[in-house]
Amino acid sequence: MITRQPKRILLFFFVLAIPFNLRFTPFVDNLAYHSGGAPPAVLIYVYDFPLIGLLGLFLLEITLHRKPLRFGVVDLLAVLFILWNVVGIFRSVDVTLSLYESFRIFKLYLAGYIVML
C-alpha cells in the first residue's frame, strides 16, 4: 500500500471495491427492478472511481509514449462483440435497456484491458 506508484494504489482500490458491488444512480430517484441485464439507468459503481484514475494514467502513458498501444486477437474479438451488441440495439424491444447494457459491456472490457496492462 505504501508505494510511489499510483497505478498499484489504484489497482488495489479497484480490486478491493469489486466484491462490494456498491452502486448509486445520480439521475434517478426510484430505480425500477430489472431481473436481468443492466437496469434502465446510469449506474455508478464504487470501482468506477479507481477505474477512471487507471484510465487517466493509461492515456497519459500512451500520450507520453511510455507504453505502446497493443491489440491482440482477444481484443479484436471483444471489440467485434461490442459492435455486434451495438448493432443489436436497432432490433431491440427496449432501446434504453440495450444502450445501458452496451455501456456496461464496454466498461467491463475497458476494465479488463487496463488491468491487463
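**Exercise 1. Determine how helix H3 and helix H4 are arranged relative to each other, and which residues form their contact.**

Solution. Begin with the geometry: in this predicted model, H3 (residues 73-87) and H4 (residues 95-116) pack at an angle of about 170 degrees with their axes 9 Å apart, where helices (H or I, at least four residues) and strands (E, at least two) are DSSP runs numbered from the N terminus. The axes are lines fitted to C-alpha atoms, for helices over the stretch in contact, and the angles run from 0 to 180 degrees between N-to-C directions. H3 is therefore roughly antiparallel to H4, a label used for angles over 145 degrees.

Next, list the partners, taking contact as heavy atoms within 4.5 Å. H3 contributes Asp75, Ala78, Val79, Phe81, Ile82, Asn85 and Val86, while H4 contributes Glu101, Ser102, Ile105, Phe106, Tyr109 and Tyr113. Sorted by character, the residues of this contact comprise nine nonpolar, two polar and two charged; here Ala, Val, Leu, Ile, Met, Phe, Trp, Tyr, Cys and Pro count as nonpolar, Asp, Glu, Lys and Arg as charged, and the others, Gly among them, as polar.

Residues are numbered from 1 along each chain as its sequence is written. Local features need pLDDT of at least 70 and side-chain atom pairs count only at pLDDT 80 or more, whereas totals for chains, interfaces and linings use all residues, and side-chain values use heavy atoms, leaving out hydrogens and water.

**Exercise 2. Locate the salt bridges of the structure and state how buried or exposed their residues are.**

Solution. A search of the whole structure finds two salt bridges, each defined by a side-chain nitrogen of Lys or Arg within 4 Å of a carboxyl oxygen of Asp or Glu.

Take Asp48 and Lys107 to begin with: their closest N and O atoms are 3.2 Å apart. Asp48 lies in helix H2 (residues 48-63) and Lys107 in helix H4, so the pair ties together parts that are 59 residues apart in sequence. Both Asp48 and Lys107 are buried, meaning under 20% relative accessible area, with exposed set at over 50% and partly exposed in between (1.4 Å probe, protein chains only).

Then turn to Arg104 and Glu101, whose side chains meet at 2.6 Å, N to O. Both residues lie in helix H4, three residues apart, about one turn of the helix. Arg104 counts as partly exposed at 31% relative accessibility, whereas Glu101 is buried, with a relative accessible area of 18%.

**Exercise 3. Describe the overall build of the chain.**

Solution. Count the elements, which are four helices and two strands, and then read them along the sequence, where they follow the pattern α-β-β-α-α-α. Finally, consider burial: 24% of the 117 residues count as buried.

Notes:
Parallel < 35°, antiparallel > 145°, perpendicular 65-115°, else oblique.
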